[in-house]
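Let us take a friendly walk through a protein structure. Have a look at the model first, and then read on.

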Amino acid sequence: MTAKITSLTKLAPSGVPRPGGAGTLGNHTVSRIGYGAMQLERLHADRAAAIALLRRAWELGVDHVDTAQFYGDGFVNGLIRDAFGPEDGVVVVSKVGADPAPGADIPLRPAQRPEQLRASVEDNLASLGLDRIPVVNLRRLDAGPGLRASGDQIVELDDQLATLITLREEGKIGAIGLSGITLDGLRRALPARIACVQNAYSLVSRADEGMLELCAAERIAWVPFFPLGSAFPTMPKVTDDPVVAAAAQSLDCTPAQIGLAWLLHHAPNIMLIPGTARTRHLEANIATATIALQDTVMAALDAIPSTSADIPLG
């Protein structure tokens, strides 16, 4: 696939161009480069720095922030609440399907049952200080990397969607997304009007290409997590690939920027939510929007072999 320039509004609410151009997320027009807030947990001891980072993202045109109640057990949501007001026009996307498990090897536990999904939405509303969450992603545990469900946490997708549809009808959420979903699961969920899909996907892990194509056909945003591969030792990293390194050297940018730029060029419905706790890194991620990849470079990158990222972590 090759991305095309959209005709959507080019300017963010901050008055500057939307990084990566504009894309559609549910009923919202947002920057194709957003911000994933998980790493703000690292700034627990410096709340002012965390809020300043969020404000810097907004100044650079980011108006799409991805979060979860289980990021610091509400800490990150509280930062977003304090950093942005309604006048800033920031579209907040949260997720449900897990709860914090402090002290565990993986500090999360599945929370897949319908009543747990509703409770998580309520917790997100409270910590974000919102009456409605613009988009809520259901984090299924069908596809990795990540947790796997067992026992009473194995729940039918239809039952979960029924709960989220009810919450949408009640006005507590604006749109429904899916994460960690299989292609069959996405097909079954389409009647629920899915706004976005978040699965692990990168230049070096492209097993979900068919699902990405279905999302493009259905006008569903594709918002990959692990867009540069992963720090897990068993998973490939985009920045380790020699073709990526060569492209970065030729274009005077970093391998990470090449990996993100490839995603933006690969398909028009891809949106990015790279996360960081450092301002300089944030600015480098957003500068990815200015990198032009010529056909020869794209062809070389497209030829990189894909490796599976479907690795259970617990």
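What follows covers the overall build, one pocket and one helix pair.

This is a predicted model, in which local features need pLDDT of at least 70, side-chain atom pairs count only at pLDDT 80 or more, and totals for chains, interfaces and linings use all residues. Residues are numbered from 1 along each chain as its sequence is written, and side-chain values use heavy atoms, with hydrogens and water left out.

The protein has 10 helices and 11 strands (DSSP runs, H or I of at least four residues for helices and E of at least two for strands, numbered from the N terminus). Its C-alpha atoms fill a box of roughly 50 × 40 × 40 Å along the principal axes.

Now to the largest pocket (an open set of points on a 1 Å grid over the protein atoms alone, where a 1.4 Å probe fits, with protein on both sides within 12 Å along at least five of seven lines; lining residues have an atom within 4 Å of a point). Its lining has 47 residues, and Met38, Tyr71, Phe225, Phe226 and Phe232 lie nearest the centre. Strand S6, H8 and helix H9 each give two or more residues to this lining.

| Element | Residues |
|---|---|
| Strand S6 | 98-100 |
| Helix H9 | 279-287 |
| Helix H8 | 255-266 |
| Helix H10 | 295-302 |

Finally, Ile258, Trp262, His265 and His266 in H8 meet Met298, Leu301 and Asp302 in H10 (contact means heavy atoms within 4.5 Å).

Notes:
Axes fitted to C-alpha atoms, helices over the stretch in contact; angles between N-to-C directions.
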